[in-house]
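This report looks at one strand and its pairing partners, and then at a set of salt bridges. The sequence and the structure are shown first.

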Amino acid sequence: MRRLPVYLLIDTSGSMRGEPIEAVKVGLEALVSSLRQEPYALESVNISIITYDRDVRQILPLTPLDELQLPVITTPESGPTHMGQALKLLCERVDEEVHRGTPDRKGDWRPLLFLMTDGKPSDIQLYKEMIPEVKKRHFGGIVACAAGMSAKTEPLKELTDEVYSLDTVDSTAFRSFFKWVSDTIEVGNRSLGAADDIELPPPPAEVNVIV
């Protein structure tokens with residue numbers, strides 16, 4: 001079975017501390033639970049989580065759904081948002097973890113990327129430098145989410161046309177967002193091989209389209 005790699009980049013900077021990050025955890029649990037109910041997703045979807053604040057870490061390497069245990073997510077009290085460094089680590093992990101096709105073996109499906117932030121990149125120069133590097137990895141879909149009123153959408157639009165926003169950073173909003181992510185992954189799974197890029201399902205009312 002060919003794998004569908006899914007990378008989640010989650011902003012864990014100081015402003016996410018408290019209720020927002022707890023809401024993200026609830027959303028992630030709902031995401032994994034929903035995907036596990038889809039037989040084809042259970043066989044093919046592999047998930048990785050990279051968190052970024054003043055430090056950038058891959059807290060979950062690319063892992064099959066049936067083996068996945070959500071790791072502990074922590075937030076510092078304050079500090080910068082190293083989104084550029086997160087994209088750099090993403091490219092390194094994609095190069096290491098995603099199997100490319102060979103004459104003897106089919107490679108993985110094109111990976112999906114979901115990036116969430118409640119602010120903007122602190123390392124803006126590195127962020128801009130990494131955007132063409134991300135695009136060289138030929139993701140099947142890149143979705144960016146600006147969560148809360150302080151999140152800036154302009155830098156995200158440089159990375160992808162698929163930018164969405166959440167007005168609030170509570171558990172209801174994040175649960176809706178991650179349920180939509182689950183639906184998007186399932187649509188991507190069902191359409192694999194039929195198209196180069198996935199077609200996103202309509203977002204829920206809590207998720208606003210940024211044009």
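What follows describes a predicted model, beginning with strand β2 and ending with pairs of charged side chains.

**Strand β2 and its neighbours**

Strand β2 covers residues 45-52, and because eight of its eight residues are buried, the strand is largely enclosed by the rest of the structure. The burial holds on both faces: V45, I47, I49 and T51 point one way from β2, while N46, S48, I50 and Y52 point the other way, and all are buried.

On one side of the pairing pattern, strand β1, made of residues 4-11, runs parallel to β2 and is joined to it over eight bridges; within this pairing, L9 has I50 of β2 as its bridge partner. Strand β3, made of residues 56-64, is antiparallel to β2 and is connected to it by six bridges, with I47 standing opposite T63 of β3. The link between β2 and β3 is a hairpin that passes through three residues.

**Salt bridges**

Side chains of opposite charge can pair when their charged atoms come close. The structure holds 12 salt bridges, and three of them are set out below with the N to O distance and the relative accessible area of each partner.

| Pair | N to O distance | Relative accessible area |
|---|---|---|
| R57 and D53 | 3.8 Å | R57 32%, D53 1% |
| E92 and K88 | 3.1 Å | E92 38%, K88 32% |
| E133 and R137 | 3.0 Å | E133 24%, R137 17% |

In the first pair, the side chain of R57 meets that of D53 in a salt bridge; R57 is partly exposed, at 32%, whereas D53 is buried, with a relative accessible area of 1%.

The pair of E92 and K88 belongs to helix α3, residues 83-97, where the two residues lie four positions apart, or about one turn of the helix. Here E92 is partly exposed at 38%, and K88 likewise counts as partly exposed at 32%.

For E133 and R137, whose closest N and O atoms are 3.0 Å apart, the classes differ: E133 is partly exposed at 24%, while R137, with 17%, is under the 20% cut-off and therefore counts as buried. This pair is also part of a wider arrangement, since D95, R100, E133, K136 and R137 are linked in a network of salt bridges.

Definitions and conventions: Residues are numbered from 1 along each chain as its sequence is written. This is a predicted model: local features need pLDDT of at least 70, side-chain atom pairs count only at pLDDT 80 or more; totals for chains, interfaces and linings use all residues. Side-chain values use heavy atoms; hydrogens and water are left out. Buried means under 20% relative accessible area, exposed over 50%, partly exposed in between (1.4 Å probe, protein chains only). Two strands pair if DSSP finds at least two bridges between them. A salt bridge is a side-chain nitrogen of Lys or Arg within 4 Å of a carboxyl oxygen of Asp or Glu.
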